[in-house]
Amino acid sequence: MIAEFDGCVLDTASQQLWRDGNPVHVEPQVLAVLEYLMAHRNRMVSKIELLDEVWGDRFVSESALTSRIKLVRKACGDSGREQRIVKTIHSRGYRFVAEVIDRESSASARVPDVVGAPASTPDGLREPSGVFGRDTELAKLDQALEQTDRGTRTAVFIRGGLGSGKSMLIAELIERHDHLDEWLVLQGRCMQTRGAVEPYFCLFDAFGHLARVEPELVRDTLDRVAPSWLAQMPALVGVGISEDLERRLLGSNSARMLREGAEAIEVLARTRPTLLLLEDLQWADDCTLDVIDLLVQRRDATRLLLLGTAGAEHSDADLLIATAMATGIATELRLGRIDDDAVEDLVRARFGGAQVPDELIRIVIDRCDGVPLFASEILTTWIREGHVEVVGAEVSIRSSPVALRATVPATLPGLLERELRALGSEELTVLEACAVMGDSFDGASVAAGAGSTLPDIERLLAGMADRRGLFVAEGAVSYPDGTVAASYSFTHRLYRQVVHDRIPASRRALLHGRIGVRLEQGYQGRSEAPVAALAEHFIQAGDHPRAVEYLRRVGEQAADRNAHDHAADMLATALATVDQLAEGADRDAAELKIRMSLGPALVATRGWFDQSVSANYETALALCHGLECAEAAAARYGLATISELRGDFQRTEALLTDVLASESDSELAMAAYELVACSTFHQGAFDRSLENASRVLETWDEDTYSVLMARIAEHPASSCNSWSSLASWCLGHSDESLRQADRAVRLGEQNLYALSTATQQRAMLHQIRNEPEWCIEWAERTREVGREQNYTMRIIQADIYKGWALGVTGSTDEGMRLVAHGLAQFRAENATLNEAYYLGLYADTALHGGQPALALELLDEALERMHATTRNYFFQSELHRLRARAYLRLERPDAVAMARSELERSHAVADDQGSPALAMRSVADRVELEAAYGDAAPWREQLTVLLSRFDGQEPTPDIIRARRLSES
C-alpha cells in the first residue's frame, strides 16, 4: 500500500516514508506504530493494543510507547501541540486523524471522527486538538508546570461542572509539553459510591496506574518506604505477602499508613519529576484527602505537581482545597461557562474548517449555555439525524431553525436521554448493564448482567464503541478464574449517570445481582477481589447474605489499611444488614464474625473503656452459645483485657482461665499468658507474673506467632520481658530486671508497634527503682514514640513519669504541673488501671514540694481506688509508706504513731507479696523514724538481712541508702 497524507507518503511494502518529497529515516519500530495507527484509522487504538501488537510479548513501559509516538509525529512534521496527524485520546490511546489517499486505489479514505469521543462520528465532524475559551487557565497550568520543573512543589485544583472540560484541559496541558513523556504519572480517579467505602481508593488507583508501566519502580519504592501500601497491592508481591513484609507491618496504625503513602509519592518525585493527577476529588474518601493534605502542607522542595479535579458542588474536598491554597503552593481554577467566541471557535473547529452558517453558530451558542461538552453533543446529534451535513467546503443546514432548536433539549442530560431513546432494545440492555457495572466495565460482567454470552457481548460492545461514542476500549482484564474479557470505560461520567438513573429500580436490582455473582465467581474469594464493589452490587440487589459477607470484608480491608473509622462504619453497616437475615445459626455465625472484626476497630477509635467495646464482646461471647470455638476464646480475651484495664482482676483471671483451658487457639493462648502476667503483676503476685511471662518467653517463636502479633497489635515476647523486668526487681533480682528491660526494648525496636509499650514499661521500671534521671530519659523516649504512633495514652504516661522525676529532683512546680495534667488526661480517657499508682506518684511529688496535706489527700484517694479493685495491688506497700512520710511532715500529735502504723502495713504487704525490694524501702524508712523517735537497732538488723539479698548486684539508689542506714 502507498498512502498519502498531510504532505507525507508512506510505502508499507518498502517500509519508506517521504515528507514534502524528501525521504525521512524512521526506525522500524516507529514505522510499525505509524503503520498500525493508519491501518486502524477508523477508531481509537488503545495504548495496551499498541503495546500488544507492536511489541508482542516483550514488556516495555508506557514511556517507551509515548517516545515512539513523539518520533512518529516528528517524522511526519506533526507535534504534540498541533496533533494534525496523530491525536492523543487522553489517558486512553491514540488515533490517526489525517485524511488518507490510497494511491493504489485512488480512493479517498476520509477519516470519520467522533465528537468528544474516540470512536466514529458522523461524516463532516472531526475532533480538533486543543480546548476553547480556556487560555487563562492554560497559562496558569503552564506556569505551574514551569514551577515544578524548577523544583517547587506545586498544586492546582481544577473545579467545574459536568461537561466544563476539566479532563480536556489537563489533556491539553500534557500534549503541549513533550517533556512530560519523561515524567512519572500517577493517575487516579475517585469513585462515587452509595455504600461501601474503600479507604485510599484514588491513591491505590494511582499507584496501580504507574505500576502497569513501571512495576519494579513502584514495588521497590513501596517496599522501601511504604510497606503498608505494598501489602495492599498483592499483584506487585505475587501470591501472598512475604513473611518478612508481614512482620514489618505488625501493629501499624493510621498515622503510619498516612505517612508512608505521602512518603512514597515524595520518593518517586525525587527520582523523576512526578505528576500526581487525581480526578473527581468531590468523591474522595477522608483517607485520600488526608494524604493530599500532608503533601501540600510540606515545604521542602521537590518536583511534584499535584493536579486535582473536582465538581462545582460542595464536598469534603472544599476544606482541603482552601487549606492548600493557604499554604501558598496551590492554585484553584474554576471553569465557568465559555464565552460566545469560544463556542464559535469550537463549532468551526469541529467541522474541520468548513464554512459554517452564522445562524447555526447562534443556535449552538443559545442552546449549549457555555458548556463545551453540550456544544459538541449538539453538533453530533444534528449530523446523526441528518439536520446538518458537510457539502464540499460548506456546512449545509437541512432543517429549519425551528426544527434544529426543537431537536436539542435545554440540558445536556436531556439531550443524552433523547439519544438513548433512539437505541435498539439490545443495545440499551447492554448499555444498562455497563452503567450498573460502573464507570469502567468489562465484557464478562456485562454479559452476565445482560444474560448473554461473552463473544456476543464483546462483538456488540466493539460495534457500539465505534458507532456511538459513549464508551471506549481500554484493553483487557483477566480474572483469577481464567476469564479474559475486553474492558471499556465511559468517555464521560455523565453518560453513565444518565443511563443508570433511567433504569427501573427492579431491573437495576436484577442487574446488580447478576453482575455481583459473576464478579464473585471470577475472583474466587481471592484477596484482590473488589470487595467494595461486590458489597455495593449485593446491597443494591437486596442479596443480604452476600452483602453482609462483603461489607464485613470491606471493614476488614479498611482495618488492614488502618482506616479504623471507616472500618467501624462499614462493620456497623454490616451489623445493620444482619438484621435483614432470617433468625438462626447462619445469622448468628455472620454476626459473630462481624463483631470479632468490629472489636479492634472500636478499640482503635473509641478506646478500651468505651461501653460499646465491652458490649460488643459480651454479645459476641453470647453468640457462641457455649461453644468452645476460636471466636469464643477471642471474645473472652477481649473482655479480659477490658476487665484488666478496669482493675477487675478477678474476672480477668476467670476469663483467661477459660481461654487457656479451651486450647482452641494456641496463638491466643500466648496472648492470654501475657495478659495473666500483666494482671498478676498489678495484683502484686510478682512470682506468678514472672512464671506466666516465662511460659511465653520459653516457647516464643517470632515466625510462628507473627499472625498473632498482627491480630492483637501487641508483641507478647516484648511485653513479657517488660513484666518479667518489673516483677524481677520487686523480687530482688535487680540486675536481671535491667537485662530483661533491654530485651523488651530491642524486640520493640524490631517491631515498632511494640516499642511504645516497651519504653513506657522501661520508664516505669526506673520509677519504681527510684532512678529519676533514667526515668526522665525513658519518659521522653516514650513520649516521642507515642507521638509518632499517634498513641495518646503513651504520651499521657510519659508526662506522669517525667513529672514525678522532676518533682523528686528539685523541679517540684514543673513536676507537679506535669503529673496533675497527665492524671487529668488519663481520667479523661476513662482509664482506671494504675490510677492508684499515678495518684501515689502525684503524692510523692507533692511531698517533695512541701505539701504533705495534699499528699495525704491524694494517698487516701489512691487507697480508695485500690480497694475498689477485687485483689491486692502492686503499689500498695508504697502507698502506705508514703502515708507515713506525709503524717510525719504534718507534725500532728499522733504523727509518729500514725507513721509507725502505716510502715507496719507497708512492711506486711511487701512481705505478703514476697518483695524484698519493697520491704527494704519500707524498713529503711522505719530505721530513719526510730533513729529519731525510738530504738532503730532491731530495724537495722532487718535491713542488713534484706540487703544480703542484693549481694553481688549493682547498687541502686535504694541499696545505697539502705547500706548507709544499716551502718550508721
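Mentor: Patches are made of residues with over 30% relative accessible area and no salt bridge, where like charges are joined within 9 Å, and a salt bridge is a side-chain nitrogen of Lys or Arg within 4 Å of a carboxyl oxygen of Asp or Glu. The model is predicted, with local features needing pLDDT of at least 70 and side-chain atom pairs pLDDT 80 or more, while totals for chains use all residues. Residues are numbered from 1 along each chain, and side-chain values use heavy atoms, without hydrogens and water.

Trainee: What makes the patch formed by Asp286, Asp290, Asp316, Asp565 and Asp569 negative?

Mentor: Asp and Glu count as negative, and the patch is formed by Asp286, Asp290, Asp316, Asp565 and Asp569. Two or more of its residues come from each of the helices α12 (286–297) and α26 (564–578), helices being DSSP runs of H or I with at least four residues.

Trainee: Why is Asp565, in helix α26, called exposed?

Mentor: Exposed means over 50% relative accessible area, buried under 20%, and partly exposed in between, with a 1.4 Å probe. Asp565 has a relative accessible area of 54%, and therefore it is exposed.

Trainee: How do you know whether Ser718, in helix α34, counts as buried or exposed?

Mentor: The relative accessibility of Ser718 is 2%, so it counts as buried. In the protein chain, buried residues make up 57% of the 968 residues.

Trainee: What does the side chain of Ser718 reach?

Mentor: It reaches the backbone oxygen of Ala744 at 2.9 Å.

Note on methods: Patches are made of residues with over 30% relative accessible area and no salt bridge: like charges are joined within 9 Å, nonpolar side chains (Val, Leu, Ile, Met, Phe, Trp, Tyr) within 5 Å. Accessible areas come from the Shrake-Rupley method with a 1.4 Å probe; for residues, only the protein chains shown count as cover. The place of a charge is taken as NZ of Lys, CZ of Arg, CG of Asp or CD of Glu. A polar contact is a pair of N or O atoms within 3.5 Å; within protein, one must be able to donate a hydrogen and the other to accept it, and residues adjacent in sequence count only if both atoms are side-chain atoms.
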